[in-house]
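Open the structure in your viewer and keep the selection tool at hand. The stops below say what to select next and what is there.

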Amino acid sequence: MTAPKYHLTSYGCQMNKLDSELVESKLRQRGYEPAATEAEASVVLLNTCSVRQHAEDRVWSKLGKLRIRKRSDPSLVVGVLGCMAQEHKRYLVSRMPHVDLVVGPSAFGDIDDTVEMARSRNAQIAAEREPAKTRHEVQGAGVVTVGQGVSGDLIRRDVRVRPHRSQAFVSVMRGCNMPCTYCIVPTTRGDEVSRPIVDLVEEAQRLCDDGVTEITLLGQTVNAYGRDLTGQNATLARLLRALHEIPSLRRLAFITSHPNFLNQELVDAMAELPKVARYLHLPVQSGSNAVLKAMRRGYTVERYLARLDMLRSKAPDIELHSDFIVGYPGETAADFEATVDLVNRVGFAQSYVFKYSPRPGTLAAELPDDVPDAEKERRNHVLLAAQEALTWQHNRALVGKTTEVLVEGVSKVDGRLSGRTAHHRLVHFASQDMDLVGQYVPVLVTEALAHSVVGDLLATTAAQEGAHDRSEVVHP
Ligand code: 5AD
Ligand code: SF4
């Protein structure tokens, strides 16, 4: 018998992508094989995101298409995983009979059993002569695993299942305990749960033994890591120091940080540890104190800037990345101007800008969504333009310099190789040598583009010598 084929699509954040790797590794251990296309799969899984309406809309429309496919192919197994499974479990189970499994983000530990269960039910149903009616009744109950079940991280990870040979993500904590009024994440992902340092070092070591040289630690508030591990003295700074000891590890990054937990201990670690990536994703969300207060972010613009001063006095080479929400309820044109001013004042290297999207069940959803969509669109556009001008400046500053690039693969646009610097900047360069993928090479930057830079590959020995050079820029 041929192995059953699955197809898994991930929506949303990096954490979801890593969860998807975990799901895949469980399915592969169970004898499943990845399908080349969704049409070839007998198990179609969607790992979903609820952070904005747009992300949910894409999944609802996908589910509509799968409903049609299932009419002619009743044994097809359709699964909704992740945040929407948690958030909409009732609706999915009662109103979407073509959905066979609904699995929340904290219940991936036995996903293979859940999929097996759904498959055997479908096979049984298909064998019965009255598919439509019978199916409806049986599917009404669905196979649902949501809530605080077994966290996927508690299961020993199969480090071989990962998309990149030399790069990997490691989830250091799940959930979020922050009170941000607009955000659904604390509801869908639950309370903060950090993993002990020994477990993380063990996982990182196994990844590095398997060829990984760049690790990115993941957490919704990654720099609050460890605060639930009472008595263990676990902090992100201590974790970075422990991981830094792994000899074959060359780069260590972490996303996403919350301004309230950027402290001296972390700044010292970033300043002292040469393998730590030279960027910090520290979303400020707004440059208006009134909006920050309404969002319950727990800091003012002044406090945010004071924390940046602390960072820059010790580690001036760190570049800043941010997220912004425009059109939060009550945000005035003046509030928005304050955000544009802050972007220019800080000089972020990169920002994500989102139009406010009310999430049912959050505190902000109780407020009138009073910034018209056209105005949200305008603010989005203006802020992105401000950020693009800054990104461009950062990129231009690299022209004429040599930078160390971890080669990630072939660029989709023109077949050149591309990779990233320690500052997370995207670099393209001409080369046919696919063996360079996964290597650290020196590239002389010759041209700045809006979202990347272009350069020439230099002789590779310099890269080995400069392996742990603390700065991105190695002068030619
Ligand atoms: N509407 C728009 N953007 C949101 N984000 C979180 N919740 C919402 C929402 N309801 C953004 C924040 C966060 C990023 C991951 O998504 O900027 O940092
Ligand atoms: Fe959402 Fe705020 Fe937690 Fe980030 S810190 S996941 S924005 S609640």
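## A helix over two strands

Begin by selecting helix α14, residues 373–396, which lies across β13 and β14 and runs at about 175° to β14. Please keep in mind throughout the tour that this is a predicted model.

With the helix still in view, select the strands beneath your cursor one after another: they belong to an open sheet of 3 strands in the order β12-β13-β14, paired in the parallel sense. Because β12 (279–281) and β14 (350–355) stand at the edges and have a single partner strand each, one side of each is left without a neighbour in the sheet. From one strand to the next, the twist averages 15°.

Now narrow the selection to β13, residues 319–326, and to β14, which run parallel and are joined by 6 bridges. To find a point of reference along this pair, pick S322, which stands opposite S351 in β14.

## A covered strand and its neighbours

Next, move to strand β10, residues 214–218. How many of the residues of β10 are buried? The strand is mostly covered, with 5 of its 5 residues buried. In a regular strand, side chains alternate between the two faces of the sheet. Show the side chains of β10, and you should find E214, T216 and L218 pointing one way and I215 and L217 pointing the other way, all of them buried.

Add strand β7, residues 167–171, to the selection, since the next thing to look at is how β7 and β10 pair in the parallel sense over 5 bridges. Here A168 has I215 in β10 as its bridge partner.

Then add strand β11, residues 251–255, which runs parallel to β10 and is joined to β10 by 5 bridges. In this pairing, the bridge partner of T216 is A253 in β11. Finally, bring in helix α9, residues 236–244, and follow the path from β10 through α9 to β11, which together make a right-handed β-α-β unit.

## The cysteines

For the last stop, select the cysteines. How many disulfides does a search of the whole structure find? The search finds 0. Select C49 and C13 together to see one case: C13 holds the cysteine sulfur closest to that of C49, yet the distance is 6.2 Å, and the two are therefore too far apart for a bond, given that a disulfide needs sulfur atoms within 2.5 Å. C49 is buried, with a relative accessible area of 9%, and C180 is also buried, with a relative accessible area of 11%.

Notes. Residues numbered from 1 in each chain as written. Chains lettered and ligands numbered in written order. Predicted model: local features only at pLDDT ≥ 70, side-chain atom pairs only at ≥ 80, totals over all residues. Heavy atoms only, no water. Pairing = 2+ DSSP bridges. Helix = DSSP H or I, 4+ residues; strand = E, 2+ residues; numbered from the N terminus. Axes fitted to C-alpha atoms, helices over the stretch in contact; angles between N-to-C directions. Contact = heavy atoms within 4.5 Å. Buried < 20%, exposed > 50% of the residue type's maximum accessible area, 1.4 Å probe, protein only. Right-handed = clockwise from strand over helix to strand, strands pointing away.
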